[in-house]
Amino acid sequence: MILAVIARDLRLALRRRADLAAVLFFFVIVVSLFPLGVGPEPERLREIAPGVLWVAALLATLLSLPRLFADDFRDGTLEQLALAPLPLGLTVFAKVLAHWLVCGVPLAVLSPLLGLQFGLSGEALVVLSGALFIGTPALSGIGAIGAALTLGVRGGGVLVSLLILPLYTPVLIFGAGAVDAAVNGIGVEAHLSLLAALTLAGVFFAPWPAAAALRIALE
Amino acid sequence: MSHRPFHWYRYASPQAFYPLAGRMIPWFWALAAIFGVAGLSVGFLIAPGDAQQGEGYRIIFLHVPASWMSMFLYLVMAFWAGLGLAFRFRLSSMMASALAPTGAMFAFLSLWTGALWGKPMWGAWWVWDARLTSELILLFLYLGFIALQAAIDDPRRADQAGAILALVGVVNIPIIYFSVKWWNTLHQGSSLNLARSSMATTMLYGMLLCALACWMYAIAISLMRARRIMLEREKDTLWVRKELGF
């Protein structure tokens, strides 16, 4: 049943490739704007690269969040899922995983290319991609709470960023911290472990409040 | 059992709580004024000047209580919101909504007085210190709660959605605090050491009195706001009409 939900969400995402592409292009464009803003000196770019790439990934995830539940809410699928024998929390968990596969993984795959533009070393690029790989599930999980809370609320898109961005700060800190450590040649394991801890906690606990929020929205 | 049990739940109904709150509010205002005058006079007239910071440190008498209150009120707010979510008490959700603006105000006040204090002491309005950063994020959490409740028209749904957000926020506050703390120590050596080993007792008393004043103020103003919310939400009921004299 969980797999069925994941497969369904993936199929829907693949039929709407433009949505996925828009999120990735947003990521690329935001990252590319920074050198124009701060100047092309390689030293400075290398210094700001971890933070810029992570903040851009955060914003790109945020941009794709409304799609997590809104379409299903509008055509009534969500009500059916809420009535299904599978606990709603597990359904949300499946949707979070699908969202990560559609949004987080492409960001992680794409990031080394952008890191290259910022003059990161090979090792730092691996850490960057790995940190995004480990950290983005937490972004999808925590984001699900915000997406569920703002479902059907006017001005939901802006509101979700107001609710969710403060909760994203720990992921940003350790994610960017890992890349920063790699750039400076310090051990990255501590950061990555903490990031993995955040992801595990986020993915396993966040679906439940998100499910509660969905029930409120469906009432 | 000869004595009649006292019904606490009686005051869980807005109808019963409204007049009780009305009777309590003047007392809390009076206490706030007394503690405030006492605390400020201890702080400004009696407490000695600081050896290193001179007279400028006196902003501590507003700054520290405001920070305490901002953190504590978030817990209280989440407690009432959670109670409202779990047991569907209308009144506790109203209390949560009434507390949020006061909490946000204290968080802002704490940041503002901190900036005023930081300028002469550290030479900067703002530094990315762990405490400042987490206080700023706390302010964002308050604003998110207020914005979410304001965006949802149905009050019941607004209460429940706000409650979930407040509870998620409470779980996250320690995580945010520690991650910011580690981030800070990883990025730069801790250059700011606020903790002075020995604080003069008069300073401590002044600060405690001011903290009490802030407490009383917070209770009074939240009760006032809760009364307004009660009237607004229950405007179609008989008791509100009677109260307002229609």
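**Exercise 1. Two helices of chain B**

In this predicted model, helix α3(B) passes α4(B) in a left-handed crossing. Work out how the two helices are oriented towards each other and which residues make their contact.

*Solution.* Begin with the geometry: α3 (residues 90-122) and α4 (residues 130-151) of chain B pack at an angle of about 150°, and their axes are 9 Å apart. Angles over 145 degrees count as roughly antiparallel, and therefore α3(B) is roughly antiparallel to α4(B). Next, look for the residues that meet: α3(B) contributes ten names to the list, including Ala100(B), Ala104(B), Phe108(B) and Leu111(B), while α4(B) brings, among others, Leu132(B), Leu139(B), Tyr142(B) and Ile146(B). Finally, sort the residues by class, which gives 14 nonpolar, 5 polar and 1 charged for the contact of α3(B) with α4(B).

**Exercise 2. The fold of chain A**

Describe which elements build chain A, and decide how its radius of gyration compares with the globule rule.

*Solution.* Counting the elements gives 10 helices and 0 strands in chain A, and reading along the sequence gives the pattern α-α-α-α-α-α-α-α-α-α. The radius of gyration of chain A is 18 Å, which is close to the 17 Å from the globule rule for 219 residues, so chain A is as compact as a globular protein of that length. Along the principal axes, the C-alpha atoms of chain A fill a box of roughly 55 × 30 × 30 Å.

**Exercise 3. Helix α7(A) and its partners**

Find how α7(A) is oriented towards α6(A) and towards α10(A), and describe each contact.

*Solution.* Take α6 (residues 88-117) of chain A to start with: its axis and that of α7 (residues 122-149) of chain A come within 8 Å and cross at roughly 150°. That makes α6(A) roughly antiparallel to α7(A), and the crossing is right-handed. Among the residues that meet are Val96(A), Trp100(A) and Leu107(A) in α6(A), and Leu125(A), Leu132(A) and Phe133(A) in α7(A). By class, this contact of α6(A) with α7(A) has 16 nonpolar, 8 polar and no charged residues.

Now turn to α10(A), whose axis also comes within 8 Å of that of α7(A), with a crossing of roughly 10°. That makes α7(A) roughly parallel to α10(A), and here the crossing is left-handed. In this contact Gly141(A), Ala144(A), Ile145(A), Ala148(A) and Leu149(A) of α7(A) meet residues of α10(A) that include Pro207(A), Ala213(A) and Leu214(A). The classes are 10 nonpolar, 1 polar and no charged residues for α7(A) with α10(A). Comparing the two lists, Gly141(A) and Ala144(A) appear in the contact with α6(A) and again in the contact with α10(A).

**Exercise 4. Where the chains touch**

Which element of chain A gives the most residues to the side that touches chain B?

*Solution.* Start from the totals, in which 20 residues of chain A are in contact with 22 residues of chain B. On the side of chain A, the elements that give two or more residues are α7, α8 (156-183) and α10 (207-218). Of these, α8(A) gives the most, with 10 residues. This side of chain A divides into 15 nonpolar, 3 polar and 2 charged residues.

**Exercise 5. Confidence**

Judge how the predictor's confidence is spread over chain B.

*Solution.* Chain B averages a pLDDT of 83, and 88% of the residues score at least 70. Among the helices, α7 (residues 238-244) of chain B has a mean of 80, the lowest, and α2 (residues 60-87) of chain B reaches 90, the highest. Over residues 188-193 of chain B, pLDDT stays under 50. For the complex, the predictor gives an ipTM of 0.85 and a pTM of 0.86.

Methods: Residues are numbered from 1 along each chain as its sequence is written. Chains are lettered from A and ligands numbered from 1 in the order in which they are written. This is a predicted model: local features need pLDDT of at least 70, side-chain atom pairs count only at pLDDT 80 or more; totals for chains, interfaces and linings use all residues. Axes are lines fitted to C-alpha atoms, for helices over the stretch in contact, and angles run from 0 to 180 degrees between N-to-C directions. Helices (H or I, at least four residues) and strands (E, at least two) are DSSP runs, numbered from the N terminus. Angles under 35 degrees count as roughly parallel, over 145 as roughly antiparallel, 65 to 115 as roughly perpendicular and the rest as oblique. A crossing is left-handed if the near helix is turned anticlockwise from the far one by less than a right angle, and right-handed if clockwise. Two residues are in contact if their C-beta atoms, placed from the backbone, lie within 7 Å. Ala, Val, Leu, Ile, Met, Phe, Trp, Tyr, Cys and Pro count as nonpolar, Asp, Glu, Lys and Arg as charged, and the others, Gly among them, as polar. pLDDT is the predictor's confidence in each residue, from 0 to 100. The radius of gyration is taken over C-alpha atoms; the globule rule is 2.2 Å times the number of residues to the power 0.38.
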